Amino acid sequence: MRLYWGSGSPVSWRVQLALALKGIDYDSHRLDLANREHRGAAFKRINPNGTFPVLVDGDVVIRDSLAILAYVDRKHPRPPLFGANLPQTAAVWQMVCEHDAGIGSRANTITQALFRDEPPGDLEPVREAVTRLGQDLEAMTRHLTDADWLVGDTPSAAEAAFYPTIHRVLRAAGKPLALEVGLAAQPLAGDPLVATWLSRVKELPGVDDTYPPHWRKGG
C-alpha cells in the first residue's frame, strides 16, 4: 500500500491515524504542496482530481479519506475502526459523518481564516463558527464523561476524525486573529476531558509520528 498525503491536511491525517491504529505498514509519499505536486501531471495520472489523500493498493486506487478508512477496515478487520458490533458501527459512522458536517466544517472555516497571511474582510462567519464550536466541544465532552474513547472501549474512526480537528483549532487559537474572533475564549484542551483524551490518543503506538511535519518546524 502507498499513501499520498499532504502535511497539515486533516483528511490526510485521519488516514494516517487509522493506519497507525491498525498497525499497518505502508509506503508513505508526502506530497510537495509548496510546489503544487498534487496538481502536476504525474500525480494526476494517479488521481485526475488532484486531491489527496490517495491510497494505492495494487490495482485499487482510493481518493476519499472515508472510503480509505472503510477499505482498510475491511481488508484488516482487527482492530476494528468502525465498532465491534452493529450498534457501535452505527454510532461510529454517525459520529464521523456528524463530525464532517459539524465541528470539522467549522474548523475549516476558522483555520482557513486564521492561517491566512491576510485576514478575510468579513469575520462574522468565523465568529459564528467559533460560537458553534463551543457547542460541538460540549457534545464531545459528554461522550467522554464516562468513557476513555468516543465510541466503545477502543479507539475508532471517531478518534481519527476528531484528533486532527482539535489540533487544528488549538493551532488556530495561537494565531493573532484568534482573540478578535473569540477563539481563545473557547475551552479547547483546557477542558480536562478533552486534554486527557488528546494525551490518550497521542500515546497510542505510531500516533505521534503522524503529527504534521511542517507544524513541528513552526510552519
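Let's start at a side chain: a polar atom of the Asn-47 side chain sits 2.7 Å from the backbone oxygen of Thr-51. Bear in mind as we go that this is a predicted model. To place Asn-47 in the fold, look at the loop that runs between helix H2 (41–46) and strand E3 (54–57). Is Asn-47 buried or exposed there? Its relative accessibility is 0%, so Asn-47 counts as buried, the cut-off for that being under 20%. Leaving aside residues up to four places away in sequence, Asn-47 touches Val-54 and Arg-63.

From here, move along the chain to helix H3, which spans residues 65–75. At the start of H3, the backbone nitrogen of Leu-66 has a side-chain oxygen of Asp-64 within 3.0 Å. Which residues of H3 are buried? They are Ser-65, Leu-66, Ile-68, Leu-69, Val-72 and Asp-73. If you look down the axis of H3, these buried residues fall within an arc of 155°, and therefore they line one face of the helix. What do the buried residues of H3 pack against? Their partners are helix H1 (10–22), E3, strand E4 (60–62), helix H4 (86–101) and helix H7 (157–172). E3 is a link back to our first stop, since the Asn-47 loop leads to that strand.

Our last stop is Glu-138, a residue of helix H6 (residues 124–144). With a relative accessible area of 48%, Glu-138 is partly exposed, because that class lies between the 20% and 50% cut-offs. Now find Val-194: Glu-138 and Val-194 are 56 residues apart in sequence, while their C-alpha atoms are 9.9 Å apart in space.

How values were computed. Residues are numbered from 1 along each chain as its sequence is written. This is a predicted model: local features need pLDDT of at least 70, side-chain atom pairs count only at pLDDT 80 or more; totals for chains, interfaces and linings use all residues. Side-chain values use heavy atoms; hydrogens and water are left out. Helices (H or I, at least four residues) and strands (E, at least two) are DSSP runs, numbered from the N terminus. Buried means under 20% relative accessible area, exposed over 50%, partly exposed in between (1.4 Å probe, protein chains only). A polar contact is a pair of N or O atoms within 3.5 Å; within protein, one must be able to donate a hydrogen and the other to accept it, and residues adjacent in sequence count only if both atoms are side-chain atoms. Contact means heavy atoms within 4.5 Å. The arc is that of the directions from the helix axis to the C-beta atoms.
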